[in-house]
Amino acid sequence: ANAPQTREKATNAPPQRSRCNQRSKHHMRAVVTGAAGRIGRGVATALRERGHTVVGVDMASAPPGLLGTGCDDFVTIDLAAAVAGQERECLTAAMDGADVVVHCAAWPGPSATPPPAVVASGDATKPPIGLETAPPAVLLRDNVASTSAVCDAAIAGGASRFVFSSSAFAMGFSHVPRGPQAWSSKVGYLPVDEAHGAQPHESYGLSKLAGEEILETAARTATDTSFVSLRFTNIVKRELWSSLPWEAPTSAEPLQLVLWAYVHEDDVIRAHVAAATREDAAARGSHEAYLLAAPDSRFAEPTLPLLASVLGVEGMPLRSPMEGNASVLCARKATERLGVEFRAWSRDRAWSREREASQSLVDASPPPPRLVGNQASSPPPPPPPPPPSRG
């Protein structure tokens with residue numbers, strides 16, 4: 001996740017600009033917000049490796065090594081404050097002449113404070129993911145304000161593509177894993193796809209859906225710009241890939257439905273790059289949303305029986321087959337239109353077992369004949385049998 005654009009960390013210092021002096025001819029100018037964060041930096045680096053000029057924007061200073069590898073230029077701006085004044089002027093300047101803008105900067109997850117009705121119910125649980133210290137209203141304000149400011153500046157700067165790091169949490173993450181306050185009680189069918197519609201249950205999901213609505217609104221007038229929102233679920237970092245599968249949830253310790261899905265960090269970066277560079281990701285004057293998720297769940301157990309025993313979800317209409325540990329989210333649209341083949345821990349394990357089995361067969365086969373000159377040397381023939389006894 002990217003470093004949050006927190007107002008508490010903002011200073012009165014003027015926006016700063018850093019520049020890499022190594023220049024070469026690139027065919028697209030890309031601006032990446034949140035470039036000091038993990039996903040933003042990965043996207044910026046991947047775009048630059050493809051020959052594009054990249055300008056990084058973040059409220060944090062450029063991390064060591066970012067300039068010249070991930071970014072050509074870097075601008076330090078508090079995006080949540082860029083609705084007016086010097087910060088807005090600096091953001092406008094950074095966006096001038098951009099071909100594509102990738103907006104990753106945000107508070108990157110739900111607030112640790114649940115909605116008041118959830119607090120009153122006493123049913124809130126702490127999910128096994130990081131939650132933000134920002135109060136819900138602050139998180140909502142900062143994420144929505146920064147998205148609006150960046151979108152307006154991108155259009156004014158002439159960008160023809162705008163990519164937004166949205167979230168699958170907009171579909172319905174809740175601080176409550178089951179019951180009437182949980183998303184699992186409101187899902188209409190499985191696996192959930194983009195057509196299902198978003199049902200945010202807290203301020204973070206709402207901030208992401210509001211960001212998408214900002215793009216929908218902009219697309220009605222910015223007819224020369226296309227807009228893409230990427231709703232990725234909880235990311236599994238490269239170094240934690242081997243931690244899958246997780247132990248299955250139980251009725252005593254349930255898990256929020258959207259967290260049954262996951263996505264590999266590298267697939268999220270690839271999807272952002274594809275959304276920024278593929279012409280057919282969205283038509284001009286339109287907005288397209290894509291779910292990003294692995295095809296399997298975090299667990300080895302079959303999904304449908306597990307949903308019934310843990311969350312009481314059963315008899316759900318199925319839009320496509322859900323065999324084995326299939327994911328509750330469907331990312332077929334992203335695979336077909338963005339060209340992203342999502343990694344799955346279960347598929348990786350199966351390939352590993354096949355490689356190990358193949359290697360075992362190789363190790364068990366007899367050694368090849370030794371070559372002597374140009375001839376294959378075979379083992380010496382056994383000695384002839386002794387002559388028969390003559391009594």
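**Exercise 1. Glu212**

Task: In this predicted model, decide whether Glu212 is buried or exposed, and list what Glu212 touches.

Solution.
- Step 1: Take the relative accessible area of Glu212, which is 2%.
- Step 2: Apply the cut-off: buried means under 20%. Glu212 is therefore buried.
- Step 3: Place the residue. Glu212 sits in helix H5, residues 203-219.
- Step 4: Collect its contacts, leaving out residues up to four places away in sequence. They are Phe164, Ser166, Ser229, Arg231, His287 and Ala289.

**Exercise 2. Two nonpolar cores**

Task: Find which elements build the largest nonpolar core, and which element gives the most.

Solution.
- Step 1: Size the core. The largest nonpolar core holds 38 residues. Val32, Leu47, Val102 and Leu230 have the most contacts inside it.
- Step 2: Assign this core to elements. At least two residues each come from strands S2 (29-33), S5 (100-103), S7 (226-232) and S10 (287-292), and from helices H1 (38-49), H6 (265-277) and H8 (332-338).
- Step 3: Rank the suppliers. H6 gives the most to this core, with 7 residues.
- Step 4: Look for another core. A second, separate one has 34 residues, among them Ile129, Val187, Leu190 and Met316.
- Step 5: Set this against the general rule. In soluble globular proteins, nonpolar side chains tend to be buried together.
- Step 6: Inspect one hub. Beyond four places in sequence, Leu47 touches Ala30, Val32, His52, Val54, Val102, Val273, Ala276 and Thr277.

**Exercise 3. The two sides of H2**

Task: Explain why the buried residues of H2 lie on the same side of the helix.

Solution.
- Step 1: List the buried residues of helix H2 (residues 85-95). They are Glu87, Cys90, Leu91, Ala94 and Met95.
- Step 2: Check their directions around the axis. They cover an arc of only 135°, so they fall on the same side of H2.
- Step 3: Check the other side of H2. Gln86 and Glu89 are exposed there.
- Step 4: Step past the helix end. Just after H2, Gly97 has a positive phi of about 80°.

**Exercise 4. Ala153 against H2**

Task: Which residues does Ala153 touch, not counting residues up to four places away in sequence?

Solution.
- Step 1: Locate Ala153 in helix H4, residues 136-156.
- Step 2: Test burial. Ala153 counts as buried because its relative accessibility is 7%, and the cut-off is 20%.
- Step 3: Read the contacts: Leu91, Thr92 and Met95. Of these, Leu91 and Met95 are also among the buried residues of H2.
- Step 4: Add a distance. Ala153 and Ala94 are 59 residues apart along the chain, with C-alpha atoms 8.7 Å apart.

**Exercise 5. Tyr290**

Task: Determine how far Tyr290 is from Ala331, in sequence and in space.

Solution.
- Step 1: Place Tyr290 in strand S10.
- Step 2: Note its burial. At 0% relative accessibility, Tyr290 is buried.
- Step 3: Take both separations. Tyr290 and Ala331 are 41 residues apart in sequence, and 7.3 Å apart from C-alpha to C-alpha.
- Step 4: Survey the contacts beyond four places in sequence. They include Glu194, Val228, Leu230, Asp280, Lys333 and Arg337.
- Step 5: Widen to the chain. Among contacts between residues at least 6 apart in sequence, 79% join residues at least 24 apart.

**Exercise 6. Empty space**

Task: How many cavities of 30 Å³ or more does the whole structure hold, and what lines the largest cavity?

Solution.
- Step 1: Count. The search finds 1 cavity of that size.
- Step 2: Take the volume. The largest cavity contains about 40 Å³ of space.
- Step 3: Name the lining: Gly172, Phe173, Ser174, Val176, Pro177, Ala182, Trp183, Ser184, Gln256, Leu257 and Val258.
- Step 4: Sort this lining by class. It has 7 nonpolar, 4 polar and no charged residues.
- Step 5: Turn to the second largest pocket, with about 370 Å³ of space. Its lining has 18 residues; Pro295, Leu329, Cys330, Ala331 and Arg332 lie nearest its centre.
- Step 6: Sort that lining too. The pocket has 11 nonpolar, 3 polar and 4 charged residues.

**Exercise 7. Cis peptide bonds**

Task: Where do Pro191 and Pro245 lie, and what are the omega values of the bonds Leu190–Pro191 and Leu244–Pro245?

Solution.
- Step 1: The bond joining Leu190 and Pro191 is cis, with omega about -15°. Pro191 is in the loop between strand S6 (161-165) and H5.
- Step 2: The bond from Leu244 to Pro245 is cis, with omega near 5°. Pro245 is in the loop between strand S8 (235-236) and strand S9 (263-264).

Note on methods. Residues are numbered from 1 along each chain as its sequence is written. This is a predicted model: local features need pLDDT of at least 70, side-chain atom pairs count only at pLDDT 80 or more; totals for chains, interfaces and linings use all residues. Side-chain values use heavy atoms; hydrogens and water are left out. Helices (H or I, at least four residues) and strands (E, at least two) are DSSP runs, numbered from the N terminus. Buried means under 20% relative accessible area, exposed over 50%, partly exposed in between (1.4 Å probe, protein chains only). Contact means heavy atoms within 4.5 Å. A nonpolar core is a set of buried Ala, Val, Leu, Ile, Met, Phe, Trp, Tyr and Cys residues joined through side-chain atoms within 4.5 Å. The arc is that of the directions from the helix axis to the C-beta atoms. On a 1 Å grid over the protein atoms alone, a cavity is a set of points where a 1.4 Å probe fits but cannot get out, and a pocket is an open set with protein on both sides within 12 Å along at least five of seven lines; lining residues have an atom within 4 Å of a point. Grid points are joined across faces, edges and corners, and a volume is the space filled by probe spheres set on the points. Ala, Val, Leu, Ile, Met, Phe, Trp, Tyr, Cys and Pro count as nonpolar, Asp, Glu, Lys and Arg as charged, and the others, Gly among them, as polar.
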